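The following exercises concern side-chain packing and aromatic pairs. Each task is followed by a solution in steps.

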Amino acid sequence: MPDGTSLTTNDRAAKRISRRTFIKGVITSGIAVSSASYLFRATLSGQGTASLPERLITLSVNGQQRRVDVATQETLAWTLRYKLGLTGTKLGCDRAECGSCTVLIDDVPYYSCSVLTHTVRARKVLTIEGLASPNGKLHPVQQGVVDEQGFQCAYCMPGFIMSAVAYLKANPNPTRAELAHGVSGNLCRCQDYDKILTSLMRGAEYMRRASHA
Ligand code: FES
Ligand code: FES
């Protein structure tokens, strides 16, 4: 029969073994869990490839062809800002209420926070960054805003400008009330509407001049 010392030694050895076994078990089960989740994800993604659209797509943005990795549920605003670095498109409400994210798609204004990027693959997207001429000359509406200093914080400005540009293409000589109605899908938290309208009317005037030049 073992004495107390050898019993203690054996106990310690047994504890070391069981501790080693325990740790090994944890690591093994951890790997097993990781492997399982990896396999689960792989299985999910494998299942999805037949029905999900291709992630790496080409977009036409500001006259350039841009290759970009886009998730299925990704909005155009997200892609523009966080994948393509076009942060001139602002995110306000992110739910089709404020108009801060307005961009033109085939010359029609859209809330880019509410457009899925995959749906615009064959279409032309124009953001505030693409409005000026390649030589750096500002668009007449941008120039009108500069000249009239029409915004306070200017967070809403890109959206207003994009909406106004689209509206003025269809109605180049609006009354102030008509133009106000034309950009009524855009909100300004600073409530600087009077100065904004003065700026956009100035932009309309510059657009007419440019078209007659
Ligand atoms: S951020 Fe898109 S409408 Fe407000
Ligand atoms: S100027 Fe500040 S939100 Fe419009």
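**Exercise 1.** In this predicted model, determine which residues Val-141 contacts, leaving aside neighbours within four places in sequence.

*Solution.* Step 1: apply the contact cut-off, heavy atoms within 4.5 Å. Step 2: with neighbours within four places set aside, Val-141 is in contact with Ile-161, Ala-164, Val-165, Leu-168, Leu-200, Gly-203 and Met-207.

**Exercise 2.** Identify the residues that touch the most other members of the largest nonpolar core, and state which helix gives the most to this core.

*Solution.* Step 1: the largest nonpolar core has 22 residues, and Val-141, Phe-160, Ile-161, Ile-196 and Leu-200 touch the most other members. Step 2: at least two residues each come from α3 (140-148), α4 (157-170) and α6 (193-212). Step 3: the greatest contribution is that of α4, with seven residues. Step 4: a second, separate core comprises 14 residues, including Leu-59, Val-61, Leu-76 and Ile-105.

**Exercise 3.** Classify the ring pair of Trp-78 and Tyr-82, and describe the accessibility of both residues.

*Solution.* Step 1: the structure contains three aromatic pairs. Step 2: the ring centres of Trp-78 and Tyr-82 lie 4.3 Å apart with planes at 55°, so this pair is tilted. Step 3: Trp-78 and Tyr-82 are four residues apart in helix α2 (residues 76-83), and therefore about one helical turn separates them. Step 4: Trp-78 is partly exposed because its relative accessibility is 43%; Tyr-82, at 44%, is also partly exposed.

**Exercise 4.** Which residues do ring pairs link into a cluster?

*Solution.* The cluster consists of Phe-151, Phe-160 and Tyr-193.

Definitions and conventions: Residues numbered from 1 in each chain as written. Chains lettered and ligands numbered in written order. Predicted model: local features only at pLDDT ≥ 70, side-chain atom pairs only at ≥ 80, totals over all residues. Heavy atoms only, no water. Phe/Tyr/Trp six-rings, centres within 6.5 Å; stacked < 30°, edge-to-face > 60°. Buried < 20%, exposed > 50% of the residue type's maximum accessible area, 1.4 Å probe, protein only. Core = buried A, V, L, I, M, F, W, Y, C linked by side-chain atoms within 4.5 Å.
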